[in-house]
Amino acid sequence: MRLDRHMMTIILSGLLLGFFGVMLSVWGNPENSGICVSCFIENSAGALGLHNNPRLQYLRPELVGFVLGAFASALLRREFRSRGGSAPLFRFASGFFLIVGCAVFIGCPIKLFLRFTAGDLTSLAGVVGLIVGVWCGLKGLASGVELGRLSPSAAPRGSGLLAPAVFLMFLLFIFISPSFLIASEKGSSAQHAPLLISLAVGLLLGFIAQGSRFCITGSVRDILLMGRRAPLLWGGTAFLATALLVNFISGRFNPGFAGQPGSHQEYLWSFLGMVLVGWLSVLIGGCPFRQLVKSGEGDSDAALVVAGMFLGGALVQGWNLAATSAGVPIGGKIAIIAGFVLVFSGSILLRERE
Amino acid sequence: MTFSAGRFFLLFIILTAIFTTLTSCKDQNRKVVKIGYMNCNNEQETRHRFVPLTRYLSDKVGVEFVMVPVDTHDFEKRFNQGEFAFTHTNSLIYMILKERNNLKLLASEKRGNFGSKSGGAIISRKGSGIDRLDQIKGKNFAFGPMLAPTGYLAEYDLLLRSGIDPEKDFASYTIPSGSYKHEKLVYGVLFGQYDVSAATLLDLETMTKEGKIAADDFNILAQTPLVPYCTFAAASNADPALVDKLRKALLELKPTDTAEVDGERVKVLKAAWIDGYEELVDKDFDLLREMAKRVNMPPYQKF
Amino acid sequence: MKFDRFDKILISLLAIAAVALLAYTAQSFPAKTTAIESRSMERELASQARVGLLEKLYSPVTVALQNGQYQEALLKLEEVNIRYPGEAHGFILKGEILYRMGVLDGAAAGFIRGIKLSGDYIDKNSPFSKRDIIAILVEKSLPPAQTAYKNSHSNPALKENLSNLNYLKSRLAGGCE
């Protein structure tokens, strides 16, 4: 391992993600959900009036922080470039199904490992699923499944500003609370860390992650491809070790299969949900967190994924697709299968053949 | 090669005939096994409730179960005569047959608020001036049928444990005649025929649910502990494989399961007024055994 | 970058639109937002109305329950259920009555049906919160339920009871819903 500046940034990203991932729970976010992009998106979709679940409506400042932090970092590093134009509708639909997969598992890949490091052994099915999904995605890439290259020319100059602008607007909403914005007074959305702390953590993580390109599925992908030589391996290890340590110290490590917070025991569907997330993430170039970060650095395609994720966040609640501690509703199972139909048909149609 | 419509028709007739013959042969070859069902109120009601369940069990287990409705007082005699190998009885009859014939417990019925268990109560009419158990001495009392665990045994035991001897401390006590004895008790108190009576909690619950009585019509003076409710059991010499299959079929029974009765698809559990089945162990009946010993009732009766 | 005339017009229009946007936004907040326009106010009204209505509807049940007349409470609950079957509050009250009567498996089943319909009952700050009683129920019932299931894996009732208790434990532990 060469400990150069890039490697240090990656390790720092892992450390911070692991630390704040647990600490945000300590400061008020729901258990094992200090950072959960899919949960945050469901919450924020609800806050904007896109679904009616009164227990899941809160415009999460962390989400805004991720995008604006990444935007600031990209500007500072002169890496902000408007780009896009590759299979936009597929990406939009992928964003939707990313949230479906996460909602059936109950958590995004970051939360998957936060659950795991808190002793939630039901998440093992998701861990295996994510690895299998990433592996399948890599097989797809190797076989020529390609969404097309991102092209600066396909995205007019400045169009990449739209996503940061929208999140800037959300930031304004957080502070001025317009009358249409809803905030749950009960349920898991009523549990949140203090606003300024959440926002600051979001900004910091978005800033660091933009520079390091750190992402959970990216780490899994690189480990599968490069083994120990993968720099993200060290970032991933730092993330897991820190989260485990902080969970231990804060008394949040409770190993077991039963009665874990925000979890269910339908292992097959946890597995399939994360296979879907892993596979889609490889195809579209990053997990939900990475999509947010990329949308902050001018990637319109990632912004479309984010838009799809918001639609997903609204519909998993509106159509009762999301799993709860009671298990996975039939609608969620159907949606997972539909997600695989998208993956399979997309892979067939988007495959470049010689 | 081409077929005419006539040949197709002929082929259809032949296939149908073969299929029908095979199916009927299969039915005829089924082993016949009898289940004795204890009549709660009357034979007609028993048939109405349990024919769909018996059909369902036949389909599930692959033997031809035949239902035999049996009056409570004849149950032990007819079982001993070998009239049926499987039983569906209340918990007291089960307990008697277990003690005397080593009956094997299969599955117990779940019904009402307490699932596979139920209890009894001592009730008086609201406004009758009888608000406490210590006020019932010298009154007219009514029990349910003598072999009813929660209409007679449990209440009798409760009274004895409360220092009231039914044989000495009431002006009179009676058991209503005919069928629907449990409901007659409740109505009897409501309309002033009896001052106080025993009542099964399940009947109070059902009658309230059906709007026949109001919760405010009665004072509940005391309540018995909960004991197991009706249960399926098997003779000790019954085929163990069949016993296991029957138990499994009962435990897996869901509210959506149906059986065909007179050409109609009927929901089995709904027809039988049951919520489902649960596997109890014989130890769960120990409370009832203690009651029977205290009340000097079968199978522990001493003369 | 050189701006032509069209650019300058657009920049001017953008500036006007931005100023207008700010002006209108400033105007609408916070003075013009009356209480009734606020969704949180509407929600609070609905919530309080629900609390009031439930208290009134179920008062015969709760009075009997508080007086320790559990069987009467159950019968009164049956009466309310005739008019309002499937109401979460009814299931929760049934759970509580059965808990007080010592019928713990039935209590767990009642609580679960209620909580699945409305998570408010497991929240700490809800006016009808049953969190404490559910926590005691889980603490009391889980170890024997685990042992019973370990001893008889084939019994679906034991499996259901254990999974009910695990569900309650998971809801008590929090996390996303």
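Trainee: Where is A:Gly69 found in this predicted model?

Mentor: Look at helix 3 of chain A, residues 61-76; A:Gly69 is found there.

Trainee: Is A:Gly69 buried or exposed?

Mentor: Buried means under 20% relative accessible area. A:Gly69 has a relative accessible area of 2%, so it counts as buried.

Trainee: Which residues does A:Gly69 touch, leaving out those up to four places away in sequence?

Mentor: A:Gly69 touches A:Leu203, A:Gly206 and A:Phe207. Take A:Phe207: from A:Gly69 to A:Phe207 it's 138 residues in sequence, yet 4.3 Å in space, C-alpha to C-alpha.

Trainee: How should I read a pair of packed helices?

Mentor: Two packed helices are described by the angle between their axes and the distance between those axes. Try helix 8 (residues 195-212) and helix 12 (residues 288-296), both of chain A: their axes come within 10 Å and cross at roughly 85°. That makes helix 8 of chain A roughly perpendicular to helix 12 of chain A.

Trainee: Which residues of helix 8 and helix 12 of chain A meet?

Mentor: On the helix 8 side you've got A:Leu205, A:Gly206, A:Ala209 and A:Gln210; they meet A:Phe289, A:Arg290 and A:Val293 of helix 12. Sort that contact by class and you get four nonpolar, two polar and one charged residues. A:Gly206 has come up already, as one of the residues that A:Gly69 touches.

Trainee: Now for the empty spaces. How many cavities of 30 Å³ or more does a search of the whole structure find?

Mentor: Three. A cavity is a space where a 1.4 Å probe fits but cannot get out, whereas a pocket is open. The largest cavity has a volume of about 90 Å³. It's lined by 13 residues, and nearest its centre lie A:Cys39, A:Glu42, A:Ile106, C:Cys176 and C:Glu177. Helix 2 (37-47) of chain A gives the largest share of that lining, four residues. By class, the lining has eight nonpolar, three polar and two charged residues.

Trainee: What lines the second largest cavity?

Mentor: That cavity has a volume of about 50 Å³. Its lining includes A:Gly21, A:Val22, A:Asn247 and A:Arg252. Helix 1 (residues 5-26) of chain A supplies the largest share, three residues.

Trainee: And the second largest pocket: what is its volume?

Mentor: About 970 Å³. Of its 43 lining residues, the closest to the centre are A:Arg55, A:Glu185, A:Lys186, A:Gly187 and C:Asp123. Helix 2 of chain C contributes the largest share of the lining, seven residues. The split by class is 14 nonpolar, 15 polar and 14 charged.

How values were computed
Residues numbered from 1 in each chain as written. Chains lettered and ligands numbered in written order. Predicted model: local features only at pLDDT ≥ 70, side-chain atom pairs only at ≥ 80, totals over all residues. Heavy atoms only, no water. 1 Å grid on protein atoms, 1.4 Å probe; cavity = no way out; pocket = protein on both sides within 12 Å on 5 of 7 lines; lining within 4 Å. Points joined across faces, edges and corners; volume = space filled by probe spheres on them. Helix = DSSP H or I, 4+ residues; strand = E, 2+ residues; numbered from the N terminus. Nonpolar A, V, L, I, M, F, W, Y, C, P; charged D, E, K, R; others polar. Axes fitted to C-alpha atoms, helices over the stretch in contact; angles between N-to-C directions. Parallel < 35°, antiparallel > 145°, perpendicular 65-115°, else oblique. Contact = heavy atoms within 4.5 Å. Buried < 20%, exposed > 50% of the residue type's maximum accessible area, 1.4 Å probe, protein only.
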